[in-house]
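Ready to explore a protein model piece by piece? Have a look at the picture, then read on for a short tour.

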Amino acid sequence: MRLLWLGVLSRRFQHVPLRDTCRQASRGAKANKAGWEEKVENSVKWRQLEHKGPYFTPAYEPLPDGVHFFYDGKPVKLSVAAEEVATLYGKMLHLECATKEVFQRNFFRDWRKEMTAEERKLITHLDKCDFVEIHKHFMEKTEARRTLPREKKQKLKEEAEKLQQEFGYCILDGHREKIGNFKTEPPGLFRGRGDHPKMGMLKRRVMPEDVVINCSRDSKIPKPPAGHQWKEVRSDNTVMWLAAWMENIQNTFKYIILNPSSKLKGEMDWHKYEVARRLRGVVNKIRAQYQADWKSPEMKKRQLAVALYFIDKLALRTGNEKEEGETADTVGCCSLRVEHVRLHGKADGQEHVVELDFLGKDSIRYNNRVTVEKLVFQNLQHFMEDKDPGDNLFDALTTASLNKHLQSLMEGLTARVFRTYNASVTLQEQLRVLTRGLPDYPVQKEMVESGIALWFLPLPQWDIVQPTQEAEDSLTSKVLAYNRANRAVAILCNHQRAIPKTFEKSMQKLQQKIETKKAQVTEAQVELEKLKADLRTRGGSKSKSFLRKQQRLLKLEEQLARLHKKATDKEENKQVALGTAKLNYLDPRISIAWCKRFGVPIEKIYHKTQRERFAWAFNRADKDFEF
């Protein structure tokens, strides 16, 4: 565990100068000129919506005669339903999740539900089951698809495009708009994230009878597959989804929605970030209020103030109330228990340290030590007095009461808005610090010494701020700086991922390239030194051969530096999911403005799909844009 320095966040608690207030008004005027009016939750989002409905996963194809499932060493012919579920497990034998006890237990329980009575009587132990032939069969199919001749690949591509044209577009208010994922999820075994207690459970096949269709009343209602009917057809123009169904693992709704690049989705994204920008105008007032409430004689008000401090400073989610046993034991701010919190009067040379350790969203562990204000620490001590480990930390608080309080502070304010605001501001401030040596973003000595540039970095060997370097960063350095700023946000929001299985292999290849390049640099240095010695012996001016070798050495050194930075970037981000924050919490106009200001090609930051998603932002962010 590490102590998370919060220098950047603490800066945000300071008073906003008058010029920032003026800037807020200016930004509001510009937003109005954009032509997009803010919409309330239940406003009309469309007047005409027509589509073909979802594309359903094709029916299961039984295994060929030469592929067998074995039980206790003997081949067993399974019923179609049981065989389909067996293949789902067989496909995953090479994955780490399939080796976990909870995965195997959940799979076997759900699999037995799909068996006939005779099969359940015979197959009683998973460790006697042999799925090797099934696994080999699907690995061979995967390899065969990979090595298809070009003509067959082209044919498959054409078939996919035909499907896209039929199901992948809708008519929205007279315009043809692209749909996101128009296919229902195929049946499979649930993996989850982290150590999810439901991993291995069977995700059932989605049928038309599960699906609610949403379209306009005067449109042509999509036809369900032959022999089936829709669960319901409705016309609700206050929502953006085209079709919806309940999945059976988490009992949550899945939706078919417009493609992120659509105009309507762009409007929603713009609105989301404008709400977060609006928070900047009142955030200091909100912070002053909850800091004052730390001293309140009323317990509920103090708990509300400390919870809001956690949401603001640590980007915690509020936490939704769940029925006992319904899902994993994941918690948010309101559902924190005493067992999730440890208080340290002094730790790692700091005072008033709070250690939080719990399962957050998607069963991702949140484990962090953070220094807090003295009054927050004292209040937490009081909240934990005479309580058992399983008792709620904020026992006078509910998610509903916290959300109601947030709405009273600012219309549209939620914990997610706080996350979006803090994530975007963190990115903007980190880019100021990490884009080195440029006159618009100066790196000041006191910023380095105060830890502002280093609060989020767990690797002490990083050499981030070097004001003595040349003024013009290379493109590689700028991209590395951007990824580090993005990483700061990912850590703030607890966006983790497992180390990719290919990481070690790819790092070894990269290291081999570095060693090869080092050898080339050494060889070029030796050659150049020989020429220098010859020149000193013979006298005279530098020859063309000398200049060529000098240029070659400089080029090789630049290539080696780029490889080193690529390796550093890869190592630093191996356990951090950069994409989650970039797509959901970071105002794209910050990144676009930074690219314009420092001459970084936008494709270095956003790939093609992301550029399409954020098309709305490109004309709304000049190089001077500030969140």
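## A positive patch

Let's start on the surface, where K505, K509, K513, K566 and K570 form a positive patch. A patch takes residues with over 30% relative accessible area and no salt bridge, joining like charges within 9 Å and nonpolar side chains (Val, Leu, Ile, Met, Phe, Trp, Tyr) within 5 Å. Accessible area here is Shrake-Rupley with a 1.4 Å probe, and for residues only the protein chains shown count as cover. A salt bridge means a side-chain nitrogen of Lys or Arg within 4 Å of a carboxyl oxygen of Asp or Glu. Lys and Arg count as positive, Asp and Glu as negative, while His and the chain ends are not counted; a charge is placed at NZ of Lys, CZ of Arg, CG of Asp or CD of Glu.

Which helices supply at least two residues each? They are α16 (503-538) and α17 (544-572). The biggest giver is α16, with three residues, and K513 is found in that helix. Helices (H or I, at least four residues) and strands (E, at least two) are DSSP runs, numbered from the N terminus.

## How the model was read

This is a predicted model, so to speak of local features a pLDDT of at least 70 is needed, side-chain atom pairs count only at pLDDT 80 or more, and totals for chains, interfaces and linings use all residues. Residues are numbered from 1 along each chain as its sequence is written, and side-chain values use heavy atoms, leaving out hydrogens and water.

## Two hairpins

Strands β11 (residues 243-246) and β12 (residues 253-256) pair antiparallel over four bridges; two strands pair if DSSP finds at least two bridges between them. M246 has F253 of β12 as its bridge partner. Six residues sit between the two strands of this hairpin, and N251 in the turn has a positive phi of about 55°.

The other hairpin joins β13 (residues 341-347) to β14 (residues 350-359) through six bridges, again antiparallel. Here K346 is partnered by E351 in β14. Two residues lie between the strands, with D348 in the turn at a positive phi of about 55°.

## Two open sheets

One open sheet has three strands in the order β3-β2-β4, paired antiparallel. Because β3 (74-76) and β4 (129-130) stand at the edges with a single partner strand each, one side of each has no neighbour in the sheet. Between β2 (residues 69-71) and β4 there are two bridges, and F70 has D130 as its partner.

Another open sheet runs β1-β5-β6, also antiparallel. Its edge strands, β1 (49-50) and β6 (175-178), each pair on one side only. Two bridges link β1 to β5 (residues 169-172), with L49 facing its bridge partner L172.

## Aromatic pairs

How many aromatic pairs does the structure hold? There are 25. Rings of Phe, Tyr and Trp (its six-membered ring) pair if their centres lie within 6.5 Å; planes under 30 degrees apart are stacked, over 60 edge-to-face, and the rest tilted. One of the pairs, W111 with F131, is tilted, at 5.7 Å centre to centre and 50° between the planes. W111 lies in α4 (residues 101-114) and F131 in the loop between β4 and α6 (132-146), so the pair ties together parts 20 residues apart in sequence.
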